[in-house]
Amino acid sequence: MFSKACEYGIRASIYIAEQTLLSRKVSLKEVAAAIESPVAYTSKILQLLVRNNTINSDKGPKGGFYMDQEELPKLKLSDIVSTIDGNTIYVGCGLGLSRCNENKPCSLHSQFKVIRDELRHMLEKTTIKSLAEDLDKGLAFLKH
């Protein structure tokens, strides 16, 4: 459903948010290890999230990745998905057809539209902070 980059981006954002709530900045290598992602791939994803003001980065010995404490409650899963995958998850065809729409639907269109709408609702309602808090409480995990 999500691209691999988006999956890693979501996991990285949750991890960085959790560490931000603990007043910690984290290194690239720490994020990559925490989400079980290759360091070079994680670097590209984090750069994209920094460029889009989703996460922050400071260089130097006291640097690392972190999130703005005041903005954290406003950051939704949909923000991460849109930054990395765009809006294709909200408009894409369940069968992968390029011209599927209301006027010329595929055989799954009606059923898939309901699922897409529910997914959009979940992504727009779920905050990264709430997911990070579940992680911190041991209610959720980022690794196997």
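How far apart along helix α7 are Glu 133 and Lys 129, counted in helical turns? Being 4 residues apart in that helix, Glu 133 and Lys 129 are separated by about one helical turn. Their side chains meet in a salt bridge, 4.0 Å from N to O. A salt bridge here is a side-chain nitrogen of Lys or Arg within 4 Å of a carboxyl oxygen of Asp or Glu. We will come back to that pair.

First, the ground rules. This is a predicted model, where local features need pLDDT of at least 70 and side-chain atom pairs count only at pLDDT 80 or more, while totals for chains, interfaces and linings use all residues. Residues are numbered from 1 along each chain as its sequence is written, and side-chain values use heavy atoms, with hydrogens and water left out.

Now the overview. The protein has 7 helices and 2 strands. Helices (H or I, at least four residues) and strands (E, at least two) are DSSP runs, numbered from the N terminus. In order from the N terminus, the elements run α-α-α-β-β-α-α-α-α. The C-alpha trace spans about 55 × 30 × 30 Å along its principal axes. Of the 144 residues, 37% are buried. Buried means under 20% relative accessible area, exposed means over 50%, and partly exposed is in between, with a 1.4 Å probe and protein chains only.

The protein exposes about 8,700 Å², and carbon and sulfur atoms supply 53% of that. These areas come from the Shrake-Rupley method with a 1.4 Å probe; for residues, only the protein chains shown count as cover. Next, contacts, meaning heavy atoms within 4.5 Å. Take those between residues at least 6 apart in sequence: 64% join residues at least 24 apart.

On to helix packing. Start with α1, residues 4-21, and α3, residues 39-51. Their axes come within 10 Å and cross at roughly 70°. That makes α1 roughly perpendicular to α3. Axes are lines fitted to C-alpha atoms, for helices over the stretch in contact, and angles run from 0 to 180 degrees between N-to-C directions. Under 35 degrees counts as roughly parallel, over 145 as roughly antiparallel, 65 to 115 as roughly perpendicular, and the rest as oblique. Which residues of α3 does α1 meet? They are Tyr 41, Ile 45, Leu 46 and Leu 49. From α1, the partners include Lys 4, Tyr 8 and Ile 16.

Second pair: α4 and α6. They pack at about 110°, with axes 5 Å apart. That makes α4 roughly perpendicular to α6. Leu 77, Ser 78 and Val 81 in α4 meet Met 122, Leu 123 and Glu 124 in α6.

Stay in α6 for Arg 116. Is Arg 116 buried or exposed? Arg 116 is buried, at a relative accessible area of 11%. Leaving out residues up to four places away in sequence, Arg 116 touches Ile 89, Tyr 90, Val 91, Gly 92 and His 109.

Just past α6 comes Thr 127, in the loop between α6 and α7. Thr 127 counts as buried, at 15% relative accessibility. With the same sequence neighbours left out, Thr 127 touches Pro 73, Leu 75 and Lys 76.

Back to salt bridges. The count comes to 7. In our opening pair, Glu 133 is partly exposed at 30%, and Lys 129 is partly exposed at 26%. Another bridge joins Lys 4 and Glu 7, at 3.3 Å from N to O. These two are 3 residues apart in α1, so about one helical turn separates them. A third example joins Lys 74 to Glu 71, with the closest N and O atoms 3.5 Å apart. Lys 74 is exposed at 52%, while Glu 71 is partly exposed at 40%. Glu 71 lies in the loop between β2 and α4. Glu 71 and Lys 129 are 58 residues apart in sequence, yet 9.7 Å apart in space, C-alpha to C-alpha.

Last, two backbone oddities. Most residues other than glycine have a negative phi. Ser 23, in the loop between α1 and α2, has a positive phi of about 60°. Ser 23 is exposed, at 67%. Glu 36, in the loop between α2 and α3, has a positive phi of about 55°. Glu 36 is partly exposed, at 38%.
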